[in-house]
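The following paragraphs explain how the strands, a helix and several side chains of this protein are arranged. The reader is invited to keep the sequence and the coordinates at hand throughout.

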Amino acid sequence: MAVDTNRFREFFGSFPTAVAIVTALDERNEPRGFTCNALTAVSAEPPLLSVCVDRRSQTLPALAHSGAFVVHVLAEGAQEASELFAGKSERKFAGRGWKPSSVAQGAPVLADIALAYAECSVVQRVEAGDHWIYIARVDGAAVFPRRPLLYHQRHYRVWSPAGQLTTLAR
């Protein structure tokens, strides 16, 4: 018998994960995005990664339409953006500077809050429970000398140079 939802969440909350924002353009060329911690490397040759997208995500139609997206691994200081993109607001990009990706169908690039970002082209979609798994080729990437934002036991944390986690106030 499968574990219940609370135990499942407790299990995945027991270890720190990177926090990411995935962005894409919808059919009206409007920016869409959501917070994601289900991000993983799939292959180095060719460079592939995967993201898991809830079926109820307002960004899902944009991903399906554009076939491209940008994954932003968030840096220290991006907690507010993470919380905003985790919600259902239609104004996630209001007042937020972004530039269109030149290789991911114009998907928004949020370089100012990223530790790193990858510009991706979808190669496969897999239905899995209440999510879709998007497997994508990394066509462009950037990495910045910043500290990563992490999520652990329902709190945001930052990896310090000494290797210790620092809990951030809500």
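In this predicted model, strand β5 and strand β10 (residues 131-143) run antiparallel and are joined by 7 bridges. Within this pairing, cysteine 52 of β5 has isoleucine 133 in β10 as its bridge partner. Strand β5 comprises residues 48-54, and 6 of its 7 residues are buried, so the strand is largely enclosed by the rest of the structure. The threshold behind that statement is a relative accessible area under 20%.

Strand β5 also pairs with β4, again in the antiparallel sense, over 4 bridges. The two strands form a hairpin, with 4 residues between them. Serine 43 stands opposite leucine 48 of β5.

These pairings belong to a wider arrangement. Strands of a sheet pair through backbone hydrogen bonds, in either a parallel or an antiparallel manner. Here, 7 strands form an open sheet with antiparallel pairing, in the order β3-β2-β6-β9-β10-β5-β4. Which strands stand at the edges? They are β3 and β4 (39-43); each has a single partner strand, so one side of each is left without a neighbour in the sheet. On average, and with direction ignored, neighbouring strands of this sheet are turned by 35° against each other.

Further along the order, β6 pairs with strand β9 (residues 114-128) in the antiparallel sense, over 7 bridges. Leucine 74 has alanine 114 in β9 as its bridge partner. Strand β9 also contains serine 121. Is serine 121 buried or exposed? With a relative accessible area of 14%, serine 121 is buried, because the limit for that class is under 20%. Apart from neighbours within four places in sequence, serine 121 is in contact with Gly67, Ala68, Val103, Ile135, Ala136, Arg137 and Asp139.

Attention now turns to the helix that accompanies the sheet. Helix α3 (residues 79-86) lies across β2, β3 and β6 and runs at about 110° to β3. Its buried residues are Gln79, Ala81, Ser82 and Phe85. Viewed down the axis of α3, the buried residues fall within an arc of 160°, so they line one face of the helix. A general property of helices is relevant to this pattern: an α-helix has 3.6 residues a turn, so residues three or four places apart point the same way. The buried residues of α3 pack against β2 (20-25), β3 (31-36) and β6 (68-74), and also against β11 (149-152) and β12 (155-159).

The aromatic side chains add a further level of detail. A pair of aromatic rings is described by the distance of the centres and the angle of the planes. The model has 8 aromatic pairs. One of them is formed by phenylalanine 93 and tryptophan 98, which meet edge-to-face, at 6.2 Å centre to centre and with 70° between the planes. Phenylalanine 93 counts as buried at 12% relative accessibility, whereas tryptophan 98, at 32%, counts as partly exposed. Elsewhere, ring pairs link Phe8, Phe11, Phe12 and Phe15 into a cluster.

Rings also take part in arrangements with arginine. The charged end of arginine 125 sits over the ring of tryptophan 132, 4.0 Å from the ring centre. Arginine 146, in turn, lies over the face of phenylalanine 144, at 4.6 Å from the centre of that ring.

Note on methods: Residues numbered from 1 in each chain as written. Predicted model: local features only at pLDDT ≥ 70, side-chain atom pairs only at ≥ 80, totals over all residues. Heavy atoms only, no water. Phe/Tyr/Trp six-rings, centres within 6.5 Å; stacked < 30°, edge-to-face > 60°. Buried < 20%, exposed > 50% of the residue type's maximum accessible area, 1.4 Å probe, protein only. Lys NZ or Arg CZ within 6 Å of the ring centre and 35° of its normal. Arc of directions from axis to C-beta. Contact = heavy atoms within 4.5 Å. Pairing = 2+ DSSP bridges. Axes fitted to C-alpha atoms, helices over the stretch in contact; angles between N-to-C directions.
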